[in-house]
Amino acid sequence: MDFPCLWLELLLPVVAALDFNYHHQEGMEAFLKTVAQNYSSITHLHSIGKSVKGRNLWVLVVGRSPKEHRIGIPEFKYVANMHGDETVGRELLLHLIDHLVTNDGKDPDITNLINSTRIHIMPSMNPDGFEAVRKPDCYYSIGRENYNQYDLNRNFPDAFEYNNVSRQPETVAVMKWLNTETFVLSANLHGGALVASYPFDNGVQATGTLYSRSLTPDDDVFQYLAHTYASRNPNMKKGDECKSKMNFPNGVTNGYSWYPLQGGMQDYNYIWAQCFEITLELSCCKYPREEKLPSFWNNNKASLIEYMKQVHLGVKGQVFDQNGNPLPHVIVEVQDRKHICPYRTNKYGEYYLLLLPGSYIINVTVPGHEPYLTKVIIPEKSQNFSALKKDILLPFRGQLDSIPASNPSCPMIPLYRNLPSHSAATKPSLFLFLVTLLHIFFKQSKM
């Protein structure tokens, strides 16, 4: 017997095997606290706020430096259980946490991911709704909304229409959370269908609604992200697994093509938080029987992990003045895909742009100065758990006193309401046009 190895295994932190049952608030908290205690070097547990009923909105951070942001390390997040009766995502994220911490140092991919990324996982955004379900139902139950009977995925500011609903504590907490981190990529997990849905969920003529869709300036990246997830889920990629629902070619859809949605979280993330987010519908039944949970984990594990790796797409870096001072709040965008709420460097002068392989012109804009243009070529072969690094030294002398001292955020108004022209991303392709024609005929009621 190899006694040194045996002693080493005994000394390593251990978490009791997570069972495949539904974990209510008490059980979920106990699991998260145990993980945070036993894996304190790579995890940090904190609450970003409380629900209407006072339940904590827990977030577990997994990363080599879990308590603080590190320069060049992108922030990734998963959020589940926004609708309290859509339960699969909640359990999958608990098992994802278990998989990450127990495979650190054993699985090279997991280890590299933890070394190169800060992963924020919120298993339940609507704990009150989850606890309110007394009789699980495949299609709808009272637990969908929060305790105040508000649908949290209709509760965010909307870029296309005025959304005058009362902002709920859970929504406010998430909005504040988004301002505290430099999130680059995200997904929110739902149930009731089997599809990866990408922005926009709402739209106007300028984003392509005349063609029954609504596309972002980064549509190529969003389609790639959605296909990355769906293609690794054996049932999702079929596109027709939910027999009573509409079909989704390759398990992917544009949100607006499926059905328009006002006040959704994925649009808010992309427009106001500079974070690319897609919506993952993971089960035909919103609240399936517990014995189905192992198969959901097996079908989604590879997708959940591969999707996280995509936070390292594209290019990243810092913007400096000639004295080597990092410059916050500087606009950094690709020349032909400007965001309606411009993407800016964070307080450390960092920027992250998710881009597919290709050649791009980056436009760096400082108020009161001419734009600074620089070319980048994203290679076909991705870097080893890192986006292409491109620091930018601006040809300005001394500090730039014209940059605002506080973070200049876009107003919470319908920014697209009076957009006059169509962007290049909204021009139709034959494939998308045929797909969206099918969607017109097969639209159904909202999930």
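Glu281 counts as buried in this predicted model, because its relative accessibility is 4%, below the 20% under which a residue is called buried. The residue belongs to strand S8, which covers residues 276–283, and from there its side chain reaches the backbone nitrogen of Gly191 at 3.3 Å. The UniProt record, in an unreviewed entry, lists Glu281 under "active site".

A second buried residue can be found in strand S5, which spans residues 183–190 and holds Ser186. With a relative accessibility of 0%, Ser186 counts as buried, and its side chain is joined to that of Glu277 by a polar contact of 2.6 Å. Beyond its neighbours within four places in sequence, Ser186 is in contact with Phe76, Lys77, Cys275, Phe276, Glu277, Ile278 and Tyr307. The chain also brings Ser186 and Gln266, which are 80 residues apart in sequence, to a C-alpha separation of 8.6 Å.

Tyr307, one of the residues in contact with Ser186, leads on to a pair of helices. Helix H7, made of residues 219–230, packs with helix H10, made of residues 293–309, at an angle of about 150 degrees and with the two axes 8 Å apart. Since angles over 145 degrees count as roughly antiparallel, H7 and H10 are therefore roughly antiparallel to each other. On the H7 side the contact is made by Leu225, Thr228 and Tyr229, while H10 contributes Asn300, Ser303, Leu304, Glu306 and Tyr307. Sorted by character, the residues of this contact comprise 4 nonpolar, 3 polar and 1 charged.

Note on methods
Residues are numbered from 1 along each chain as its sequence is written. This is a predicted model: local features need pLDDT of at least 70, side-chain atom pairs count only at pLDDT 80 or more; totals for chains, interfaces and linings use all residues. Side-chain values use heavy atoms; hydrogens and water are left out. UniProt positions are given in the numbering used here, feature names are shortened, and annotations may be inferred rather than shown by experiment. Helices (H or I, at least four residues) and strands (E, at least two) are DSSP runs, numbered from the N terminus. Buried means under 20% relative accessible area, exposed over 50%, partly exposed in between (1.4 Å probe, protein chains only). A polar contact is a pair of N or O atoms within 3.5 Å; within protein, one must be able to donate a hydrogen and the other to accept it, and residues adjacent in sequence count only if both atoms are side-chain atoms. Axes are lines fitted to C-alpha atoms, for helices over the stretch in contact, and angles run from 0 to 180 degrees between N-to-C directions. Angles under 35 degrees count as roughly parallel, over 145 as roughly antiparallel, 65 to 115 as roughly perpendicular and the rest as oblique. Contact means heavy atoms within 4.5 Å. Ala, Val, Leu, Ile, Met, Phe, Trp, Tyr, Cys and Pro count as nonpolar, Asp, Glu, Lys and Arg as charged, and the others, Gly among them, as polar.
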